[in-house]
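Trainee: I should like to learn how cysteines are read in a model. Please begin with one residue and proceed from there.

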Amino acid sequence: MAPGEKIKAKIKKNLPVRGPQAPTIKDLMHWYCMNTNTHGCRRIVVSRGRLRRGLWIVFTLTAVALIIWQCALLVFSFYTVSVSIKVHFQKLDFPAVTICNINPYKYSVVHDLLADLEGETEAALKSLYGFEEVHHRKRREAGDWSSAWAGGPPKFLKHIPLLIFNENEKDKARDFVTGRKRKISGNIIHKASNVIHVHESKKVVGFQLCSNDTFDCATYTFSSGINAIQEWYKLHYMNIMAQVPLEKKINMSYSAEELLVTCFFDGMSCDGRNFTLFHHPMYGNCYTFNNRENTTTLSTSMGGGEHGLQVILYINEEEYNPYLVSSTGAKVLIHRQNEYPFIEDVGTEIETAMSTSIGMHLTESFKLSEPYSQCTEDGSDVPVKNIYKAAYSLQICLYSCFQTKMVKKCGCAQYSQPLPPGANYCNYQQHPNWMYCYYKLYQAFVREELGCQSVCRETCSFKEWTLTTSLARWPSEVSEKWLLPVLIRDQGQQINKKLNKTDLAKLLIFYKDLNQRSIMESPANSIEMLLSNFGGQLGLWMSCSVVCVIEIIEVFFIDFFSIIARRQWQKAKEWWAQKQAPSGSETAASQQGQDNPALDIDNDLPTFTSAMRLPPAPDAQVPGTPPPTYNTLHLERAFSHQLTDTQLPSES
């Protein structure tokens, strides 16, 4: 390397390093503040005086905090939605209409299966309320209780005993069968409406459910003896009907010709062939009008009662089970064609001897899926298997989850819901303690301990019909005289008795108008708008652009960590060099020749200054300055002879 190049390299080495190659973070920050386009950072460095510099630091940090706050609000608002409502006037598809008699099976047909259960129910009522003197509502004494079971030991009451509690004896209850007091172990759970909560014992009626070992028991009490006996009867009823084949249950229920007396839709006559059979475990044979199994979906082009569905239902109150249902009439549910009719949950009851008019308004909702909400399009991304032969819904997911947990926990399925593959309905013979398991599991389900509510999600799009119900007495007294005989003749063999108006119910379902309301969600912000808002905030508070943001990322994330990495690497090299170096004594002894730092040869040419900095030899006398050789001061001619034209003239 030439001497000049060596001097340049040495000068460059001694100058302070700036920019991304700065050796320290302080130098990097100083270089950034002097060269960045954000004015606040530069003012921090160039400002004179501590007060002015402190103010600029405060202003800059405040601007950065405001930018972060505003950008965070923009990001959060990006996942919000705006709702728009549109109203369309067009021809509307008529919904599916499912109609069920409240009484599931004809009492005359099912009576033989329930004879023993009804006998014990009547005996329990007689023991509790003294049915021999009903008008006095006088209870029997404890000594007369055993006379009610003279026909033999009760089967159902022995399996699930009915108990009566006294407020003065919290841990004891009186048995209906023996009339004796018995000690109650375990929790006493009061069931009122659909809410279950633990409370102290009161003078109420209930029953006890135990597991196989009979030590783990739970006693369920009710606010009324009527509710307790109906719930007790319903449990045994489900156990009996679970063992009856489906075909036999269909034959024991009402046919379409028996239930539907007359039918009109949009001014045209219809009959049972326009209805599809749907067997519900708790409501027997139900019939769906305009079902998905029809070749075409019926629609209406006009609003009003004349263009809807009009039916007259034959309720036949004489065939009602007195212990299973306590009201008369029918249930109707309006739903989509591919939707499962949860008639027991959201069905509308229709009164007998009344004309029920139901006006509809259609509302269709569309929600945005992730990341805006947790809704699902078709349930394929929900980890619960759909056991219903219908489109996914939140109710279907919850019931499917509970039924699956029931099969896994109790070994059998609950009777009121469809069967999962490979499962059987619960009954005493195969699963003696299924009732206790069911109640405990249902209690955990209500408390959201099974995890079903956390995994099930609502659908993103759904239709909802807003209903307006009105009632009128039907038939009137003047029309009753001719209307009932005509209906008997029209039905022929289907009605073989004298009709009462309490056996009939009229139903009218129609669109009040053809205004379809659509509720649609749309993103409140787009990507373009979000980026534009980001740029506006950066320009407002720091007067910087996207290039400045890239510069900040480079300096604070790349160069910053590069300096730290270089420093750590240098420390590691020094540590490794010290580890590989020999011991101190050997090092001192081996400093010979060029290893001696005193004899370090500089590659640069020696100068006067560098020569003066050389260390003197030990114990050496510095020689004095020798006298000059005066002969060297003699001027010699550069040429051997003087040219003639350069000679000086001689002085005379």
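Mentor: C548 has a relative accessible area of 4% and is therefore buried (under 20% relative accessible area; exposed is over 50%, partly exposed in between, with a 1.4 Å probe and protein chains only). The model is predicted: local features need pLDDT of at least 70, side-chain atom pairs count only at pLDDT 80 or more, and totals for chains, interfaces and linings use all residues. Residues are numbered from 1 along each chain as its sequence is written, and side-chain values use heavy atoms, with hydrogens and water left out.

Trainee: Why is the sulfur of C544 not bonded to that of C548?

Mentor: A disulfide is a covalent bond between the sulfur atoms of two cysteines. The criterion is a pair of cysteine sulfur atoms within 2.5 Å. The closest cysteine sulfur to that of C544 belongs to C548 and lies 4.8 Å away, too far for a bond. C544 is also buried, at 9% relative accessibility.

Trainee: How many disulfides does the rule give?

Mentor: The count comes to seven. One of them joins C100 to C286, with 1.9 Å from S to S. C100 lies in strand β3 (residues 96-101) and C286 in strand β14, so the link ties together parts 186 residues apart in sequence. Strands here are DSSP runs (E, at least two residues), numbered from the N terminus.

Trainee: What is the handedness of the link between C375 and C460?

Mentor: The torsion about their S-S bond is about 95 degrees, so this disulfide is right-handed. By contrast, the link of C263 and C270, with -80 degrees, is left-handed.

How values were computed. Helices (H or I, at least four residues) and strands (E, at least two) are DSSP runs, numbered from the N terminus.
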